[in-house]
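Work through these exercises with the model open beside you. Try each task before you read its solution.

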Amino acid sequence: MLWNWYTVDSCFISSTWRITSKGKFAGSCIGVICLVICLEFLRRLQREYDAYLVKQHRARNAQIHSSVHEKGPDTGHLTDIEANGMGKTDGNHVQVTSKSPESGSMASLKPQRLVPTIFQQAIRALIHMLQFSVAYFIMLLAMYYNGYIIISIIIGSYLGAFIFSWEGIKITDA
């Protein structure tokens, strides 16, 4: 393959995608731009779905913790949290703890990891598969070394990032 600037009589991916006019080539370039924008959309979709899962998990945990707080005075019975070795309660307050792997001591537990359900993971895997497929297709288009197609990929990447990466930037104090 050699770098080229061919427009008419180009052939991409399969013999059915044969460019016979400048209009078809322009349409192909616009299609490539849209394809790369779709890739950026899928990347954003993955981030948003993961954020949704975290938000859902936090809401569920808050609901569980608030229901433990509302149990009232100590009845002498172990709560679910105490029975599972996750912490202790005095009837009105809950201290969630876990054994620290480093020290073996009890330490406050902060949600560190969310393990998705099989259905949630199936959706995550589907989104990843779509991302991978689209990215691979774009890579195959780039391998034709057509300058216009590569420029279309770059333009699509810029537009997709401009549209779908426009989100707040987390500022943390170091």
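**Exercise 1. Place I13 and find its partners.**

Solution. I13 sits in the segment before α1. Helices here are DSSP runs of H or I with at least four residues, strands are runs of E with at least two, and both are numbered from the N terminus. This is a predicted model, in which local features need pLDDT of at least 70, side-chain atom pairs count only at pLDDT 80 or more, and totals for chains, interfaces and linings use all residues. Residues are numbered from 1 along each chain as its sequence is written, and side-chain values use heavy atoms, with hydrogens and water left out.

Next, take accessibility. I13 has 34% relative accessibility, so it counts as partly exposed. The cut-offs are under 20% relative accessible area for buried, over 50% for exposed, and partly exposed in between, with a 1.4 Å probe and protein chains only.

Then list the contacts (heavy atoms within 4.5 Å). Neighbours within four places in sequence aside, I13 touches F137, L140, L141 and Y144. Finally, compare sequence and space: I13 and L141 are 128 residues apart in sequence, yet their C-alpha atoms are 7.1 Å apart.

**Exercise 2. Check the span of α3, then list its buried residues.**

Solution. Start with the expected span, which is 1.5 Å times one less than the number of residues. For the 25 residues of α3 this gives 36 Å, and the end C-alpha atoms are 36 Å apart, so the two agree. Now the buried residues: in α3 they are Q120, I127, Q131, V134, I138 and L141.

**Exercise 3. Do the same for α4, then explain what happens at its N-terminal end.**

Solution. α4 has 18 residues. Its first and last C-alpha atoms are 25 Å apart, close to the 26 Å expected at 1.5 Å a residue. Buried in α4 are G147, I149, I150, S152, I153, G156, G160 and F164.

Now step back to N146. It lies in the loop between α3 (118-142) and α4 (147-164). A side-chain oxygen of N146 lies 2.9 Å from the backbone nitrogen of Y148, capping the N-terminal end of α4. N146 has 1% relative accessibility, so it counts as buried. Beyond four places in sequence, N146 is in contact with N4, W5, Y6, S10, F12 and F25.

**Exercise 4. Which residues have the most contacts inside the largest nonpolar core?**

Solution. A nonpolar core is a set of buried Ala, Val, Leu, Ile, Met, Phe, Trp, Tyr and Cys residues joined through side-chain atoms within 4.5 Å. The largest one has 13 residues, and F12, I138, I149 and I153 have the most contacts inside it. Two or more residues come from each of α1 (22-69), α3 and α4. The largest share, six residues, is from α1.

Look at F12 in detail. Not counting residues up to four places away in sequence, F12 touches W17, I19, F25, L141, Y144, N146 and I149.

**Exercise 5. How many aromatic pairs does a search of the whole structure find?**

Solution. Rings of Phe, Tyr and Trp (its six-membered ring) pair if their centres lie within 6.5 Å; planes under 30 degrees apart count as stacked, over 60 as edge-to-face and the rest as tilted. The search finds eight pairs. In one of them, W3 and W5 have ring centres 5.7 Å apart and planes at 75°, so the pair is edge-to-face. F132 and Y136 form a stacked pair, with 6.5 Å between centres and 10° between planes. These two are four residues apart in helix α3, so about one helical turn separates F132 and Y136. F132 is exposed at 54% relative accessible area, while Y136 is partly exposed at 46%. One aromatic cluster is made up of W3, W5, F25 and Y148.

**Exercise 6. How many disulfides does the structure hold?**

Solution. The count is zero, where a disulfide is a pair of cysteine sulfur atoms within 2.5 Å. Check C34: its nearest cysteine sulfur, that of C38, is 6.8 Å away. C34 is partly exposed, at 41% relative accessible area. C38 is also in no disulfide, and is partly exposed at 41% relative accessibility.

**Exercise 7. Is R44 buried or exposed?**

Solution. First locate R44: it lies in helix α1. Its relative accessibility is 18%, so R44 counts as buried. Neighbours within four places aside, R44 is in contact with F164, S165, W166 and E167.

Methods
Polar contact = N/O pair within 3.5 Å; in protein donor to acceptor, adjacent residues only side chain to side chain.
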